[in-house]
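Biologist: I am new to this structure. Could you walk me through a few of its features?

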Amino acid sequence: MRRILILGATGSIGTSACDVVRSHPSDFCIAGLAVRSSREKAEALGREFDAPVFCGEDAAERAVRETDADLVLVSTVGLSGLAPTLAAIEKGMDVALATKEVLVAAGELVCARAKAQGVKIVPVDSEHSAIFQCLQDGAGWRGRGDVARLILTASGGPFLDGPADLSAVTPAQALDHPRWKMGPKVTVDSSTMMNKGFEILEARWLFDIPADRIDVVVHPESIVHSLVEFADGATLAQLSPPDMRVPIQYAFSWPARLPAERRRLDLPALASLTFRAPDETRFPCLRIVKDAARAGGTKTAALSAADEIAVARFLAGEIRYTDISRLVAAVVDAAPSLPCDSLENILVADAAGRKLAQEWKS
Ligand code: MG
């Protein structure tokens, strides 16, 4: 029986995670639940799973400190996941990580601390789970010399084929994702491909591989969740119908696989799967992220903060859709870079990124 602590229990990942636990009552139990604000929903879940409930601003960190668990699912929103992730590592608890900002902003710090403590950071994001699954051959999954490159698949979002002029895109259009139902921030990030840029950084740290050996391919059907190309020219991929419960369950059950009643892959019904190169002129965020990764230090923390503000300002009608990438690029350029070796430095970079992003004018 694995005892799981869920941080961000009422969000879309947390809700799917509860579903996975519900369908495997003899394999998993919920040791605790933390939410920032949805107290009633969380208390109902607490009663259902007989688990302590933590509510409020610092609920996630308190939950980590006060709960005994084998695995902590970090699925809170944004950088708020960082302090509880570091607390879990300090306590020696393995982490199933869904909040990508934790690695985007502080991957170097988090991975160094996890390594020092012997803590495993297991991916929940569908692409990274796919890569993780492709690397389960007993040879380890971090810093392998036989991996030539990682290939992340991207659905391409709602604007893959139009409109030609993205500057007139409205919040409602950007919030209508064709494949995945997610929160508003990540849905807009998917449409700009910033989400895929973040996933390059996430993969860079999770698998300890330089960002220039991580490629993106657009795959609108979202059936191939990502691929690993090995040094000998063989490429492995993981395929399944899009359903976040698959990677969540694997993060919980790894290295075992547990049966589940889910839609199966029907290849004849799909008939064909398509792939194309991303259009970096239309979607400049991939390039902006790679530039920030090359600059290193806390540049990617500033990038993550800037994107959060940019998306909020776009949703509030303050800036145009195409201003999101312009704003983020300008902030990354202007933000000071500190060494990525302490929570303090990350928070300083985050605050600086936010301030610059608030002040940015088109
Ligand atoms: Mg993803």
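**Reading charged pairs, spaces and a patch**

Modeller: Start with one pair: arginine 149 and aspartate 215 form a salt bridge, with their closest N and O atoms 2.7 Å apart. The two lie in distant parts of the chain, 66 residues apart: arginine 149 is in strand β7 (residues 147–154) and aspartate 215 in strand β8 (residues 214–218). Keep in mind that this is a predicted model.

Biologist: What is the general idea behind such a pair?

Modeller: Side chains of opposite charge can pair when their charged atoms come close. In this structure there are 31 salt bridges.

Biologist: Are arginine 149 and aspartate 215 buried, partly exposed or exposed?

Modeller: Arginine 149 is partly exposed, at 29% relative accessibility. Aspartate 215 is partly exposed too, with a relative accessible area of 29%.

Biologist: Which residue forms a salt bridge with glutamate 101?

Modeller: Lysine 185 does, with the closest N and O atoms 3.6 Å apart. Glutamate 101 sits in helix α5 (residues 101–117) and lysine 185 in helix α8 (residues 184–192), so this pair ties together parts 84 residues apart in sequence. Buried means under 20% relative accessible area. Glutamate 101 has 10%, so it is buried. Lysine 185 has 18%, so it is buried as well.

Biologist: How many residues apart are arginine 287 and aspartate 291 in helix α12?

Modeller: Four, and therefore about one helical turn separates them. They form a salt bridge, with the closest N and O atoms 3.9 Å apart. Arginine 287 is partly exposed at 42% relative accessible area, and aspartate 291 is partly exposed at 38%.

Biologist: Which residues are linked in a network of salt bridges?

Modeller: Asp19, Arg22, Glu48, Asp243, Arg245 and Arg262.

Biologist: Now the empty spaces. How many cavities of 30 Å³ or more does a search of the whole structure find?

Modeller: One. A cavity is a space where a probe fits but cannot get out. The largest cavity here has a volume of about 40 Å³. Its lining has two nonpolar, six polar and no charged residues. Helix α6 supplies the largest share, three residues.

Biologist: And how much space lies in the second largest pocket?

Modeller: About 390 Å³. Its lining has 19 residues, and among those closest to the centre are Val246 and Arg262. Helix α10 gives the most, five residues. By class, the lining has nine nonpolar, four polar and six charged residues.

Biologist: Which residues form a nonpolar patch on the surface?

Modeller: Leu239, Leu265 and Leu267, with about 230 Å² of accessible area together. Leucine 239 is in strand β10 (residues 235–239). With a relative accessible area of 35%, leucine 239 is partly exposed.

Terms used. Residues are numbered from 1 along each chain as its sequence is written. This is a predicted model: local features need pLDDT of at least 70, side-chain atom pairs count only at pLDDT 80 or more; totals for chains, interfaces and linings use all residues. Side-chain values use heavy atoms; hydrogens and water are left out. Patches are made of residues with over 30% relative accessible area and no salt bridge: like charges are joined within 9 Å, nonpolar side chains (Val, Leu, Ile, Met, Phe, Trp, Tyr) within 5 Å. Accessible areas come from the Shrake-Rupley method with a 1.4 Å probe; for residues, only the protein chains shown count as cover. A salt bridge is a side-chain nitrogen of Lys or Arg within 4 Å of a carboxyl oxygen of Asp or Glu. Buried means under 20% relative accessible area, exposed over 50%, partly exposed in between (1.4 Å probe, protein chains only). On a 1 Å grid over the protein atoms alone, a cavity is a set of points where a 1.4 Å probe fits but cannot get out, and a pocket is an open set with protein on both sides within 12 Å along at least five of seven lines; lining residues have an atom within 4 Å of a point. Grid points are joined across faces, edges and corners, and a volume is the space filled by probe spheres set on the points. Ala, Val, Leu, Ile, Met, Phe, Trp, Tyr, Cys and Pro count as nonpolar, Asp, Glu, Lys and Arg as charged, and the others, Gly among them, as polar.
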